[in-house]
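Me: I would like a close look at a single part of the model below, with the pairing, the packing and the contacts set out in order. Please state the cut-offs behind each term as you go.

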Amino acid sequence: MEAISKPVKKKDHDAKMSGRALYVDDHVLDDMLWGRLLHSAKAKARITSILLPQLPEGYYVVDKNDVPGINQVHIVQDDTPVFVEDTVEYVGDPILMVVGPELKQVERILKEIVVVYEELVPVLDMLKSDTVFFKYNYAKGDMEKALQEADRVFIETFQTGYQEQAYLETQGMLAYPHDGRMTVRGSLQCPYYVHGAVAKALGYEEKDVQVIQDVTGGGFGGKEAFPSILACQTAVAAKKANKPVKVIFERREDMEFTSKRHPSICTYKVAVKDGEITGMDIDVLFNSGAYTTLSPVVLQRGLICANGVYRLDNLRVVGRAVKTNTVPCGAYRGFGAPQTFFAVEMMMDHLAKEMGLDSLELKQKYMVKQGDATSTGGKYHFHVPLPEMIEQIDELTNYREKRRQYRNQTGRYRKGIGMSLFFHGCGFTGSGERDIIKAVVRIRKNPDETVEILASNSDIGQGLKTTFSKIVADTLGISLDRVLIENPDTDRVPDSGPTVASRSLMTVGGLLRRAAERLKDEWKAGEEQVIEEHFVEPDFVIPFSITEFKGDAYPTYSWSVNAIEVEVDTLTATTKILGAWGTFDVGVPVDLNIILGQMQGGFLQGIGYASMEEMNCNEQGMIRNNSLSDYIIPTALDVPNLVTKIINNPYTHGPYGAKGAGELPLVGAAPAYVEAMENALGVNLNKAPFTPEDTMRVLQGGLK
Amino acid sequence: MVKSYHPVSLQEALAIRAREAVTPYAGGTDLMIKGDEKAGYLFLNNLSELKKITEDGEYIRIGAACTFTAIQESELAPAILKAAVSQIAAPAIRNLGTVGGNICNGSPKADSALVFWATDSKLRLVSSRGERVIPISEFYLGRNKTSLQADELLAEILMPKIGLNNYYYKKVGARNALAISRVSFAGILEIEGGRIVNCQTAFGAISEVVIRRPDLDAMLSGKTIEEAKKAVKEEYLRAYDQAILPIRGRISAEYRKVVCMNLLRDFLESNGI
């Protein structure tokens, strides 16, 4: 273990353990009003009229007419309205907000409002969508030729479902006008995203908007874009009332109406000639929901890894993110990659069976290595540690032997084991970091010889305050308690980009490392000094073109191999997870405890995605799995034997050798789990989550 | 404003219950998630009379305010009951939740109630007017509907002492902890001198109330294992196949039905039938 990896007490440990940490709902301001949203009850309708009850004094209804700036939330494209115009596009679309001093009265008023809808026919099924929000395609080699010359062409379709972030703290925001400015604070990942959105909705200059991140009880991507929407609504309400307004979502509201992982349908057409895979022709379909939000970037990431970790000379990838009248989907740990990695890993399993091989044997044959080209004609510039990771997992689990043993079982209990190989591209997809984000960090040395970190990245439970501080303290050679870090406040910190894409530590941490190195050189005792650093793309990167999908989509990759062993009870169709093993290459962990916590939590989330987390719309477009008793996420008892290992593969261009970590552990759990189910049940499976009801259908012979 | 009462004796509790419309509150694990500001709550946590586990010649008597943890730790509580309560929710809930609350909540998914159904337990209901002892099957009138009168409290559950040793219990939840039952099954089979003297089964979480069919279970009574296996088994399973009509809930009726029948068959086969 490297010295930097040695675990320390987290910077926010005491505040959180003692209960002193203040979340947005803990803030109560003088004269503060409570806000609640009226959400559309219809999936698609024209609003004919809205009948309001008599409003008591001090109560307001806030809607599209109150938006002083532009009635659009700035995300990537700006089609999400702050409050709906004339039509509603999904069950949950925000129509208006009621604000007032007593929450009970606000709720009463909300119940008494009558919205008269002229109902239109919603599109709920992504296969029936008539609106393609985004379409991308890229290719290499000659896919048509590969298909024409193939001995056999295998075609399969894979499906994945919604996944809800289920963070502990629901969405919440507090906005207050003062001195001609607007301050917005709340539970969020990306202060400057919120900042830009609020300025646009209010029609304010950027200097007149302040955004502060409060202590945030989990995000997992769910607080990347959605807080921009809620912040605009809350700020507009605060502007109208000219008072502080606080909105805290209830759990059901949060689960039903905030962004989730995109459901997907992927079709793979694979050409095989002379026992070799000669090409993959891949069609990816993501359900965006009613608005575009982050769908273009989610889709891009999904497409870039659609061929998994495999070297293919001929490849054609087409992807669409389509509109449906359902809740807008957005970011969730993995960001498009879990969907396509599920599909490609299952496809490889099924191909192997057709070719009379075990899937691992086939996968090993096509695995990329350092120097190989990526799907987009970039390069794997660094060592790809998959071979030693596979051996490590095999040693831990006796994988190869068990795979053989578990074929053709009978009896009540049937075991299975599956393995997945995958990566996560570290940082923003493509040239976003260089062309759009242009991250800036500062560190300020105070006369008392303390050093404060000024960056816009938020600690959302992933330990960023601690790891950032460790980098600065260790570089300067000062004790950790002399490094100060507060929750970001846009009045105080530069825009070092959002807290997303497994970028914060690798990219922003790298800038902090450089800033600290400079400060060390220039250190002047007893003086105040401010050092600023700007993002520079590493020299080795082959510039990425998003229009052509060419070049290095990521500077480097984090790698992982997962194995999951299951035991199916054929009487109840329930599955016991006998063990889940993951080995992870995240470069050098800047704190081993933090990394192991991330790996365990993410892996378990991935197992939930694979096995039990099921969410659907009914015929009216309503999500009924809107509580934690209807939407089941795993507990520690579901995977007691959860083993995570870290391998040492330092990234030369990351701070202390670190690279992206946060998303990686979720990405490959689903294919490992479902392959284990295949091994136990002796059939091919094509969907995640694969639930007990699905298992029962197999056992009853209802599924092929 | 919530009204709350904290009686220190059963007698005092019953007097309040007779006087006012109050909601009995033992562990509160079902009530606290749907708090009603207009309700009056009668807290039963100080009533030691309701927290005892005792036995007499005929029954194991379980106080209604006994927590699941108390049952797990009791020497008198039968193994079938421990098997069920040990799989309820999680330790924090088991430390608070009570068997009385589990029964009076009226849910067909109540895991301890299923065992009381399967064992034909009786309930002792008390009020300031007196008391009545009824079979648990008469207590449940429908989903969330019970025959508990407005002035009554459930005081004790009386579990018949005989024939509890050879039992079968299976809970199917959506995960391994903090899970509401999707299907639950309990069965007991008493065999004497190679003959089945008593068979009792109950199915939970699949319909408005627990399914308990003594008329069908009687098909096995008096038969040897061999006779049961050869002559009665298939007919018995067919009868249950017709009797079990699960309702669609969070999980499909078809799934529940297959699981019920698989478990019933396994119950027989694990006894050599």
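What follows concerns domain 1 of chain A.

Reply: This is a predicted model, in which local features need pLDDT of at least 70 and side-chain atom pairs count only at pLDDT 80 or more, while totals for chains, interfaces and linings use all residues. Residues are numbered from 1 along each chain as written, with chains lettered from A and ligands numbered from 1 in written order.

The domain assignment of chain A (automatic or from a database) builds domain 1 from two segments, 24–121 and 165–257, and it also gives domain 2, made of 264–429 and 551–699, and domain 3, at 432–534. UniProt, in an unreviewed entry, annotates residues 18–121 of chain A as "domain: Aldehyde oxidase/xanthine dehydrogenase a/b hammerhead", and such annotations may be inferred rather than shown by experiment. Over this annotated span, 18–121 of chain A, the composition is 11% helix and 31% strand, with the end C-alpha atoms 52 Å apart; helices (H or I, at least four residues) and strands (E, at least two) are DSSP runs numbered from the N terminus.

In chain A, 7 strands form an open sheet with mixed pairing, and their order across the sheet is E3-E5-E1-E12-E9-E10-E11, where pairing requires at least two DSSP bridges between the strands. The sheet is bounded by strand E3 (60–62) and strand E11 (209–213) of chain A, each of which pairs on one side only. Taken without regard to direction, neighbouring strands of this sheet are turned by 25° against each other on average; axes here are lines fitted to C-alpha atoms, for helices over the stretch in contact, and angles run from 0 to 180 degrees between N-to-C directions.

Within the sheet, strand E9 (residues 172–178) and strand E10 (residues 181–186) of chain A are paired in the antiparallel sense by 6 bridges, and A:Pro177 has A:Met182 in E10(A) as its bridge partner. Helix H4 (residues 191–202) of chain A packs on the sheet, where it touches E10 and E11 of chain A and points at about 145° to E11(A); contact, here and below, requires C-beta atoms, placed from the backbone, within 7 Å. Helix H5 (residues 226–241) of chain A also packs on the sheet, touching strand E1 (33–39), E3, strand E5 (94–100), E9, E10 and strand E12 (245–248) of chain A, and its direction makes about 35° with that of E9(A).

Turning to the boundary with the neighbouring domain, the centres of domain 1 and domain 2 of chain A, taken over C-alpha atoms, are separated by 36 Å, and 25 residues of domain 1 of chain A are in contact with 26 residues of domain 2 of chain A. On the domain 1 side, the largest share, 5 residues, is supplied by helix H6 (residues 251–257) of chain A. By class, that side of domain 1 of chain A has 11 nonpolar, 6 polar and 8 charged residues, given that Ala, Val, Leu, Ile, Met, Phe, Trp, Tyr, Cys and Pro count as nonpolar, Asp, Glu, Lys and Arg as charged, and the others, Gly among them, as polar.

For the wider setting, chain A as a whole also meets chain B, with 14 residues of chain A in contact with 16 residues of chain B. On the chain B side of that interface, the largest share, 6 residues, comes from helix H10 (residues 253–269) of chain B, and the residues there divide into 10 nonpolar, 3 polar and 3 charged.

Terms used. Two residues are in contact if their C-beta atoms, placed from the backbone, lie within 7 Å.
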